[in-house]
Amino acid sequence: MKKLFRKLHLWLSVPFGIVLTQICFSGAMLVFEDEVTQWARPHLYRVSDTSGTRMTPDEAAALVAATLPDGVTVRGVKSFPAADRTYQVNLSKPKRAAVFVNPYTGKVVGKYERLLFFQTMFRLHRWLLDSRPADGGIYWGKLVVGISTLLFVFVLLSGVVIWWPRTKKGLRNSLKMVTRRGWARFWYSLHVAGGMYALLLLLMMALTGLSWSFGWYREGLYGLLGADARPLVKALHIGTWGGTVTRILYFLAALLGAILPLTGYYLWVRRLRRKTR
C-alpha cells in the first residue's frame, strides 16, 4: 500500500511542485498585507490632529455618498477604536474600492490602492499572473491553480500515509529536525517534519481555497456550511479566525508549503543520481 501511495505522491508532486511553491509563497506574502500597507501609507490610515469633534461612521458615509457618481454606492464603513485612525469607506465598485476620511475634518484624504508587490502576489496566488481572456475562453492560470490545489490535497494525504510511523517513538523521531548529520538528512527531515507540522493548516487552506477556483466546489461547500459561509470560508483560508496567532501560524505553514516541493525535488533528484551510479 505504501508503495502505491509513494508513487502517487511522487508523480503528482513532480509536475505541479513548482506551481504549488508559487501558490504557497505568494499566499504567505499576503497574510500581513494590511499591516504592511498601513506602514507604507500612514497618511491614509492615521491623522496627526485629533482635536475637535469626531464624526460618526454614518456621517462619514453620508459625506462620501454625496460625492459619488451615479452607479457607485457606499457599501460600509470600517472604523477603528484608536482616536487617530481614519474611517475606511468601502464602495460598491470597482472591486476593493475605498476612500479614507479624516473623522475630525470630514476631508477625504485618499483612496485605497493596492501596493504593486501585493498586486503581483495576489495575481500569482490566484491566477499565476494570467489575465482573464477577453473572448470568454479558458482561464488557464485560474484552472492550473485550481487543479494544482486539488492535487495538493492528495499529495498531503499521501505523504501522511508514506511517512506516518508505526510507533510513538517513530512519530517523535519523524517530528525532529536533524541538523547535524549532513545536508541530505537535513532536507529529508525538513520535508517529513515540516509536512507533519503544517499538514492541518495546509489542508485547511487548500480545501477552502478551492472555492475560488471551481464554481461546483464553491456551491457544494457553501451548501454544506450554510448560506452565510463566505466570510467563514475566507477566515479559514487566510487565518483571521483566530486573530494574530493564527495568522502567524498560517504565514509559517504557507512558507513550509512553499519549501516542501523544493525539498521533495532535492530528494527525488538525489535518489535518481544514486540509482544511476
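How many bridges join strand β3 to β4, and how do the two strands run? Select residues 98-101, which are β3, and then bring up β4: 3 bridges join them, and they run antiparallel. Within this pair, look for Phe 100, whose bridge partner in β4 is Gly 110. (Strands here are DSSP runs of E, at least two residues long, helices are runs of H or I of at least four residues, and both are numbered from the N terminus; two strands pair if DSSP finds at least two bridges between them.)

A word on what you have open: this is a predicted model, in which local features need pLDDT of at least 70 and side-chain atom pairs count only at pLDDT 80 or more, while totals for chains, interfaces and linings use all residues. Residues are numbered from 1 along each chain as its sequence is written, and side-chain values use heavy atoms, with hydrogens and water left out.

**The sheet**

Now show all the strands. The 4 strands make an open sheet, ordered β1-β2-β3-β4, with antiparallel pairing. At its edges you will find β1 (74-78) and β4 (108-111), each pairing on one side only. On average, neighbouring strands of the sheet are turned by 25° against each other, direction ignored.

**Helix α9**

Next, select residues 215-225, helix α9, and show the side chains of Tyr 217, Leu 221 and Tyr 222, its buried residues (buried means under 20% relative accessible area, exposed over 50%, partly exposed in between, with a 1.4 Å probe and protein chains only). Because these three cover an arc of only 125° around the axis, they lie on the same side of α9; the arc is that of the directions from the helix axis to the C-beta atoms. Turn to the other side of α9 and you meet Trp 216, Glu 219 and Gly 223, which are exposed. Just after α9 comes Gly 226, with a positive phi near 115°.

**Its neighbours, α8 and α10**

What do the buried residues of α9 pack against? Add α8 (183-209) and α10 (229-238) to your selection: these are the partners. To see where α8 and α10 themselves meet, pick Met 204, Met 205, Thr 208 and Gly 209 in α8, then Val 233, Leu 236 and His 237 in α10 (contact means heavy atoms within 4.5 Å).

**Zooming out**

Finally, show the whole chain, with its 11 helices and 4 strands. Its C-alpha trace spans about 75 × 45 × 35 Å along the principal axes. Of its 277 residues, 41% count as buried.

How values were computed:
Axes fitted to C-alpha atoms, helices over the stretch in contact; angles between N-to-C directions.
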